[in-house]
Amino acid sequence: RFQQVQSMMFDLMEWRSQLLSGTLPKDELKELKQKVTSKIDYGNRILELDLTVRDEDGNILDPDKTSVISLFHAHEEATNKITERIKEEMTKDQPDYGSYSRVSSSPTHSLYVFVRNFVCRIGEDAELFMSLYDPQKSTIISENYLVRWGSRGFPKEIDMLNNLKVVFTDLGNKDLSRDKIYLVCQIVRVGRMDLRDSNSKKYTQGLRRPFGVAGTWCL
């Protein structure tokens, strides 16, 4: 039981750091809060502590503002969910109680990226969007880091030259357990509709057009 509670505490520590980071979108934040409250309720159950009834958003119901019948239904629903969760845990052949490497490591990790140069003959300004990508699930797992690059081969903000740095934070053990993580750079050209357009009054300026993409394995 100690190992089981220890594993839960590491999960809660990791999720808490993600909640406090303030970088999660609204939908992911709501989903993570539900995971946290579900984990807490499950832990209270196996430790034979009192069950806390909550609403759909995971907030604790106020007994002074909630009817007895509503509290009863919420308590009954929470009990059923936790009972199903316990049955699922019991059916596993080898429950995940954590590992020694997980105990000795930090619950969250970060990836430091230093952009030294961007070499691509575009002829116009460009925007570089860098993010972490899971190829197995075909999804981006981080926020975008934006770099505005000028047509002369330097950053638009010249004071950022040799200072383009970013840290992708709050990478948990779940992220490190992925098969592969790629650092993907999406290149967007900003300028004319077509590079062959002449510099006349008729051509359009400031249009954002996809130009290319690059990627490299990082984790």
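A residue counts as buried when its relative accessible area is under 20%. Keep that cut-off in mind as you tour this predicted model.

**Stop 1: an aromatic pair**

Select W149. At 4% relative accessibility, W149 falls under the 20% limit, so this residue is buried. Now add F118, which is also buried, with a relative accessible area of 14%. Together they make up the one aromatic pair in the structure. How far apart are the ring centres of F118 and W149, and at what angle are their planes? The centres are 5.9 Å apart and the planes stand at 75 degrees, so the pair is edge-to-face. Trace the chain between them: F118 is in the loop between β1 and β2, W149 is in strand β4, and 31 residues separate the two.

**Stop 2: a charge over a ring**

Select F114 and K165. The charged end of K165 sits over the F114 ring, 5.4 Å from the ring's centre.

**Stop 3: the whole fold**

Zoom out and colour by secondary structure. You should find five helices and seven strands. Starting at the N terminus, their order is α-α-α-α-β-β-β-β-β-α-β-β. Of the 219 residues in the protein, 30% are buried.

**Stop 4: salt bridges**

The whole structure has seven salt bridges; here are some to visit.

- Select D11 and K39. Their side chains meet in a salt bridge at 3.5 Å, N to O. D11 belongs to helix α1 and K39 to helix α2, 28 residues apart. D11 is buried at 14% relative accessibility, and K39 is buried at 11%.
- Select R189 and E124. The closest N and O atoms of this salt bridge are 2.7 Å apart. R189 lies in strand β6 and E124 in the loop between β1 and β2, so the bridge ties together parts 65 residues apart in sequence. Both residues are buried. Add R192 to your selection: E124, R189 and R192 are linked in a network of salt bridges.
- Select R178 and D134. Here the closest N and O atoms of the salt bridge are 2.5 Å apart. R178 is in the loop between α5 and β6, while D134 is in strand β2, 44 residues away. D134 is buried at 2% relative accessibility, and R178 is buried at 19%.

**Stop 5: the cysteines**

Finish with C185 and C120. Why is there no bond between their sulfurs? The C120 sulfur is the closest cysteine sulfur to that of C185, but at 9.4 Å it is too far for a bond. The count of disulfides is zero. C185 is buried, with a relative accessible area of 14%, whereas C218 is partly exposed at 23%.

Notes. Residues numbered from 1 in each chain as written. Predicted model: local features only at pLDDT ≥ 70, side-chain atom pairs only at ≥ 80, totals over all residues. Heavy atoms only, no water. Phe/Tyr/Trp six-rings, centres within 6.5 Å; stacked < 30°, edge-to-face > 60°. Helix = DSSP H or I, 4+ residues; strand = E, 2+ residues; numbered from the N terminus. Buried < 20%, exposed > 50% of the residue type's maximum accessible area, 1.4 Å probe, protein only. Lys NZ or Arg CZ within 6 Å of the ring centre and 35° of its normal. Disulfide = S-S within 2.5 Å. Salt bridge = Lys/Arg side-chain N within 4 Å of Asp/Glu carboxyl O.
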